[in-house]
Amino acid sequence: MLNRLRAVEWVGDWDRVLACVMSRRILMREYLRRAALWAQEYSAESAWPFFDVSEYVDPGFRLSPETAAELDAYLGRVPGSELRQTCAGAVRLAEMREQTPAAMPDLPDLYEPLVLFYERGGEFVRDDAGGLDLTGVSFRPGTPQGNLSTPPFRALGETVLDALDTTGRVSYYAADGGRAPLLRRRVVRGERHDELFGPDLRWEPTDRLPETEEAVKSAGLVPLDEIAAAELIGDAAGRASRQPAPRPCGRRGRPRP
């Protein structure tokens, strides 16, 4: 975990950060949900959302001296107290999980969405109204109670996150019941792009989306939010990973024994 954090570019390239704005928004949303669960578990609502939860899980826990020294040296280069708190918490909770796995609650990994957020573009900052500036999009954190009802985002794989990132105003669609294939409509500077998430795990042009919303509904397609779209992308990636590799062929094209 510490090595992952060391690789983060806290003030990243502007174009790269903007290219990841959609995945970063959904990762922050998932972190806030998980942080609300952990805060509820340990009565830490007053510390929510950016806190070192290890202090509540086991106040007597201490890192190994070597890791503690390396963490302290690293935190001196991290901008902002909330970033430092979460980086410290991610490292301490990771070592706590290794040393005393039985002490861990049955809750989703708290810091993984936030570390992925950092890896995909670096820091966030607070605006004057208390909102979160994620670079390219503003985000209101809300309250712990409000975030407990947020739908979970479990598909944290790179394929899913990359597929969510794009430009323009995006609408997702699938067959009634949320079944694949997944389609999306992007509007970029007034120009429409209709795309389908194909078996090669890439977006490709499609003519399967009717022009009007009424016609889309008549075709048996329903709109999806980002979370539902991400789940379909994750399902497709899972199926692709389970497919057997093609068998190599000999000189005459016959499968080798």
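**Exercise 1. Classify L201 by its accessibility and describe its backbone and surroundings in this predicted model.**

Solution. Begin with accessibility: L201 has a relative accessibility of 24%, and since buried means under 20% and exposed means over 50%, L201 counts as partly exposed. Next, place the residue in the fold, where L201 lies in the loop between β6 and β7 (203-205). Then turn to the backbone, where L201 has a positive phi of about 65° although it is not a glycine. Finally, look at the open space beside the loop: L201 is listed with G198, P199, A236 and R239 as the residues closest to the centre of the largest pocket.

**Exercise 2. Describe the largest pocket by its volume, its lining and the elements that contribute to that lining.**

Solution. The first step is the volume, and the largest pocket holds about 210 Å³ of space. The second step is the lining, which is made up of 13 residues, with G198, P199, L201, A236 and R239 the closest to the centre. The third step is to ask which elements give two or more residues to this lining, and these are strand β5 (179-188) and helix α11 (226-242). Of the contributing elements, α11 gives the most, with five residues. The last step is the chemical character of the lining, which divides into ten nonpolar residues, two polar residues and one charged residue.

**Exercise 3. Locate R189 and state whether it is buried or exposed.**

Solution. R189 is found in the loop between β5 and β6 (191-197). The backbone of R189 has a phi near 50°, which is a positive value in a residue other than glycine. For accessibility, the relative accessible area of R189 is 85%, and R189 is therefore exposed, the cut-off for that class being over 50%.

**Exercise 4. Find where the cis peptide bonds W48 to P49 and A180 to P181 lie in the fold.**

Solution. Take the bond between W48 and P49, which is cis with an omega of about 10°. P49 sits in the loop between α3 (21-41) and α4 (54-57). Then take the bond from A180 to P181, which is also cis, with omega near 10°. P181, by contrast with the loop position of P49, is placed in strand β5.

**Exercise 5. Work out how E30 is paired and which residues surround it.**

Solution. Start with position: E30 belongs to helix α3, and its relative accessible area of 1% makes it buried. Next, identify the charged partner, which is R33, since the side chains of R33 and E30 meet in a salt bridge with an N to O distance of 2.9 Å. The pair is also joined by a side-chain polar contact of 2.9 Å. Both residues lie in helix α3, three residues apart, which is about one turn of the helix. R33 has a relative accessible area of 11% and is buried as well. To complete the picture, set aside the neighbours within four places in sequence, and E30 is then in contact with P113, P151, P152 and F153.

**Exercise 6. Compare the accessibility of the partners in the salt bridges E195 to R186 and R192 to D194.**

Solution. In the bridge between E195 and R186, the closest N and O atoms are 3.0 Å apart. E195 is buried at a relative accessible area of 11%, and R186 is buried at 10%. In the bridge between R192 and D194, the N to O distance is 3.5 Å. Here R192 counts as partly exposed at 39% relative accessibility, whereas D194 counts as buried at 11%. These bridges belong to a structure that holds 15 salt bridges, and elsewhere R4, E112 and E119 are linked in a salt-bridge network.

**Exercise 7. Summarise the chain as a whole from its elements, its dimensions, its burial and its contacts.**

Solution. Count the elements to begin with: the chain has eleven helices and eight strands. For dimensions, the C-alpha trace spans about 60 × 60 × 35 Å along its principal axes. For burial, 44% of the 257 residues count as buried. For contacts, consider those between residues at least 6 apart in sequence, of which 65% join residues at least 24 apart.

Terms used:
Residues numbered from 1 in each chain as written. Predicted model: local features only at pLDDT ≥ 70, side-chain atom pairs only at ≥ 80, totals over all residues. Heavy atoms only, no water. 1 Å grid on protein atoms, 1.4 Å probe; cavity = no way out; pocket = protein on both sides within 12 Å on 5 of 7 lines; lining within 4 Å. Points joined across faces, edges and corners; volume = space filled by probe spheres on them. Helix = DSSP H or I, 4+ residues; strand = E, 2+ residues; numbered from the N terminus. Nonpolar A, V, L, I, M, F, W, Y, C, P; charged D, E, K, R; others polar. Buried < 20%, exposed > 50% of the residue type's maximum accessible area, 1.4 Å probe, protein only. Polar contact = N/O pair within 3.5 Å; in protein donor to acceptor, adjacent residues only side chain to side chain. Contact = heavy atoms within 4.5 Å. Salt bridge = Lys/Arg side-chain N within 4 Å of Asp/Glu carboxyl O.
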